[in-house]
Amino acid sequence: MRLHTLEVTAFGPFADEVTVDFDALSEAGLFLLSGATGAGKTSVLDAVCFALYGDVPGDRGAAKRLRSDHAEPGLAPRVCLEATLAGRRFRIARAPAWERPKRRGTGTTVQQASVTLIERVDGEWVPLTSRMDEAGHLVTGLLGMTLTQFCQVAMLPQGRFQAFLRARSEERHALLQRLFRTGRFEQMERWLRDHRLALRHQSREQHDRIAHLLQRFGEAADVAFPAEWDLHDLQGVAPAISPWLDTVAGDADASQLEATARAERAAATEAAIAEALAAGRALARSQARRLAAVRDLEALEAEAETQAERRERLEAASRAATLAPLFDLSDRATEEAAVAARDAAAVSGHLATCLDCEPSTIDIAEAERHRRQALETGARGRALLPRRDRCHAVRREVEALDDRRETLVARLDAARCDLAGLPGRISDLRAAHATAQVACETLPATELELTTIERRRSARAEVQRLTSVLAEVGAAHRQAVDTLHSHTASWLDLREQRLTGMAAEIAGQLAVGACCPVCGSAEHPHKAAAGPGATDAVAERAAHKEVETAKAVEHAHANRVREVSSQLAVYREVAGSTDDDLAAAAAAVAARVAALRADAAALDARAAAVAAAEAEREHADASLRKLDADLLALDHTRSGFLQEEADALAAIDAELAGTGHDDLDELLRQSDRVALLAAAAADAQRADTRARETLDGHRSMLRDALAAHGLADPGEARACLLDDEELADLTGHIERHVEALATARGVVGDAESLAAAEQPAPDVDRLAEAWHLASADAGRAKSRHDRDRRRVERLASLGADLATALTGWSPMRDQLEVATTLSSFVDGKSADNRLQMRLSAYVLSYRLSQVVAAANDRLRRMSDQRYSLEHTGQRGAGETRGGLSLLVRDDWSGDTRDPATLSGGETFVVSLALALGLADVIAHEAGGADLDTLFVDEGFGSLDADTLDDVMDTLDALRDGGRVVGVVSHVAEMRDRIPTQLRVIKARSGSRVEAGRG
């Protein structure tokens, strides 16, 4: 990686755009990044990290405040870095998220972060991506390092390695794990630990299951466990479980065989006794049945006369039963004839009452005639019902139209009132609009007038001020003139005196042997002597200088007088006459301007009001015309409804005339009643005639049937009749007597019955008692057999489950033992792990030993072969685990001591060596990444001159192979040692950078 240029805008302390040319700084191979504390030296490195990774290291990245507080509100923060990565030249431009002002309205909105990555290919910039994730993956892949590793390798951080040098093993473990990405070994530790816990849980579940099965097996077998067994800990009992199960199962099988034999013997005994009991009961039933049959036969034979009487009565009832339908028909015809006669009389009476006539006058023909007349009257009346209903509907419509007409009249009056007031309001609005238009036209001239008055007022104030100033400068000018005259007179006096004593002045300038400039003689017998108060050229020049100075002063005052006079003339011209009351005029004009502005501002509103009022008038006119049309149409509709109502009422009155009824409904009810009664009277009289004819026919058939059966008297025939219940009871008695007589004779004459009668009576009770005893004994034997069988089956099932569980538990215990041993060893808790070191710490310990080896190569040179670092696996003071401890060996004394005992300068040297060693190892770990640019951000102020020389030699050695090293420091001596510098200068408005040589 080689940096070329860096452009930073509104980032960190830099408010404006600053550019860092790393190519120019790289020519010397070593340059100094200097500046005052807080100027932004580290921010330059942060900008490089942000351009590459989109983040800055340390706590500054967590703060999420990357935009400069000094930048203009709308200036977007931006970092652009041009660098060569893995032999390819890229230009990376990033912008962090920031709150920018809204484009509309007030307030701010969040502008999301962005990135643009382009590559230079064949002399042209080719866009690659603008996605944050793609750019991050590409840069990380090209560098082969994360942000944390890059900061440790390319930017040795300020103060971090002193903390790393003195850190505890746990803290050093966390840092090295982030740098070397050894999290997979911690994942292995966690997996082994989780695997051990899972196996332990599974083993415990299997243990509990086996214990539960053993308890159920013991309960099923009804045996006690061996005294030495502990069901809570079956580890030592497991080998003895299977033999014990076999023994218990064998005992149960033997018990089942014995119970089976006992149950079979009891069942045979119970069957023999049951067979004897059945034979005794059968003989007893046969004997009892014959005895009962003999008694029944004697009783049945004694009822022979009663049975003959029953037969005679049944025969008479049979003959009379053939005449029963005729008796029923005759009785029913008699009843129907009586009912028909009563109905005909009643209906005829009702019809006669309704027609107001005698019932005897109404026969079938008369009833039919009245029915036809009533139907015709009802038909004509019903034909008028729709017109009557329409008449009622028309009345309701007329009432509704009357209500609507009142509403329309009220709305029409209101509309006329509203329309009457609109012209005046429109006129007022138009006048106000015209006033606003005049105000818009007059306002510019009035404002100009106000401006002129204000300018005159200002000019008048300036005239007063300049008049005073002119008096002052005039007095100063006059004083300068007087001074000039005084100095001129003094100068002329001195010049006159010098001219008078010029001979003495010349004589004083004559040298021995020199010729006189006046006479040319080389002899000067009587040289002139200066008189008292004589002056010389020096005094004259001084006086002349004062004159020149006075002239300059006078000229300046004269110019000032002319300048003030010119200004005064201009302002007097602008101010005009001094008699005007400009304050009152300004107030009046200002009031007029305010009024005109108010009217002008209301121009649009007044125009809209005029348009709205005119639209309202047009709408009112249209509404008024519509209301007039609606009212006219309503009156026309109402007249039509009234005429239709009158026609319907005339037709109804014509139909009611001569009927004696005033209401159409009453007429219809009367006609319907007459029609119904007339139809009923005719039907009733016809039914009466038919009933009498039917009665005569049935009586004739009954007389003929009685004669045919030899029954002359209907009453005698009716007395022989029996109802169904009596007939069934009589028939049943006869049939049961016959059947019982045959059954009794059959039982008495049966051969089996005769044989049973000759045998002695059996003792059934004794046989039953013996069978009950045998049955109870057989039941107990069968229950015992079933219980033993179920126990054997249950033990077999539980034994199979236990065998399966024991078979699965054995390898699980072995796996748990292996997992527990390995997990404890990897976790550093096993006695075999002498250093009590975790696996991840062991790997990091190897990496730390590489770092120490690389650091010692530089530490010996920087410490004049005195100090070297030692990595030890022993635990430090207060540490629970070892593996990552560091010690410093002093070869001058031969002692090894804790890094905390080093002085400030020694700590810096050792820390720098450790940082450089770690950078080398990480670079190698990252695949040998080529880092051509390296920054050392450490404090050099604690070093003496000799140590500083050694450190500088080491830094110079870092330049081998074309590497560029940037040293970040504000120490003055570093500015003297490193000529190529990049200075960061801070100011109130933001920092800036400046490149140059020291």
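A network of salt bridges links Glu7, Arg78, Glu82, Arg89 and Arg91, a salt bridge being a side-chain nitrogen of Lys or Arg within 4 Å of a carboxyl oxygen of Asp or Glu. The model is predicted, so to speak of local features a pLDDT of at least 70 is needed, side-chain atom pairs count only at pLDDT 80 or more, and totals for chains, interfaces and linings use all residues. Residues are numbered from 1 along each chain as its sequence is written, and side-chain values use heavy atoms, with hydrogens and water left out.

Within this network, Glu7 forms a salt bridge with Arg91, and the closest N and O atoms are 3.3 Å apart. The pair links distant parts of the chain, with Glu7 in strand β1 (residues 2-11) and Arg91 in strand β5, 84 residues apart. Helices (H or I, at least four residues) and strands (E, at least two) are DSSP runs, numbered from the N terminus. Glu7 is buried, with a relative accessible area of 18%; buried means under 20% relative accessible area, exposed means over 50%, and partly exposed lies in between (1.4 Å probe, protein chains only).

Strands β1 and β5 both belong to an open sheet of six strands, in the order β2-β1-β4-β5-β8-β9 and with antiparallel pairing. Its edge strands are β2 (14-21) and β9, each of which pairs on one side only. Direction ignored, neighbouring strands of this sheet are turned by 20° against each other on average; axes are lines fitted to C-alpha atoms, for helices over the stretch in contact, and angles run from 0 to 180 degrees between N-to-C directions. Two strands count as paired if DSSP finds at least two bridges between them. Strand β5 (residues 88-95) and strand β8 (residues 114-121) run antiparallel and are joined by six bridges. One bridge partner in β8 is Ser114, which faces Ala95 in this pairing. In general, strands of a sheet pair through backbone hydrogen bonds, either parallel or antiparallel.

The edge strand β9 (residues 124-129) also holds Val126. This valine is partly exposed, at a relative accessible area of 34%, and together with Val121 and Leu128 makes a nonpolar surface patch of about 200 Å². Patches are made of residues with over 30% relative accessible area and no salt bridge, where like charges are joined within 9 Å and nonpolar side chains (Val, Leu, Ile, Met, Phe, Trp, Tyr) within 5 Å. The areas come from the Shrake-Rupley method with a 1.4 Å probe, and for residues only the protein chains shown count as cover.

Turning to the rest of the chain, the structure holds 16 salt bridges. One of them joins the side chains of Glu447 and Arg597, at 3.0 Å from N to O. Glu447 lies in helix α12 (residues 364-500) and Arg597 in helix α15 (residues 582-601), so this pair ties together parts that are 150 residues apart in sequence. Both ends are partly exposed: Glu447 has 26% relative accessibility, and Arg597 has a relative accessible area of 46%. A further salt bridge is found between the side chains of Arg560 and Glu563 (3.7 Å, N to O). Here the two residues share helix α14 (residues 537-575) and are three residues apart, about one turn of the helix. Arg560 is partly exposed, with a relative accessible area of 35%, and Glu563 likewise counts as partly exposed, at 41%.

Disulfides, by contrast, are a short story: a search of the whole structure finds zero, with a disulfide taken as a pair of cysteine sulfur atoms within 2.5 Å. Among the cysteines, Cys417 is exposed, with a relative accessible area of 57%, while Cys440 is partly exposed at 30%.

Another open sheet has three strands in the order β11-β12-β13, with antiparallel pairing. Strands β11 (867-872) and β13 (895-897) are its edges, and each pairs on one side only. Neighbouring strands of this sheet are turned by 35° against each other on average, direction ignored. Strand β12 (residues 885-890) and β13 pair in the antiparallel sense over three bridges, and the bridge partner of Arg889 in β13 is Thr896.

Finally, helix α23 (residues 904-925) is the place of Gly917. At 0% relative accessibility, this glycine counts as buried. Gly917 and Asn856 are 61 residues apart in sequence, yet their C-alpha atoms are 7.9 Å apart in space.
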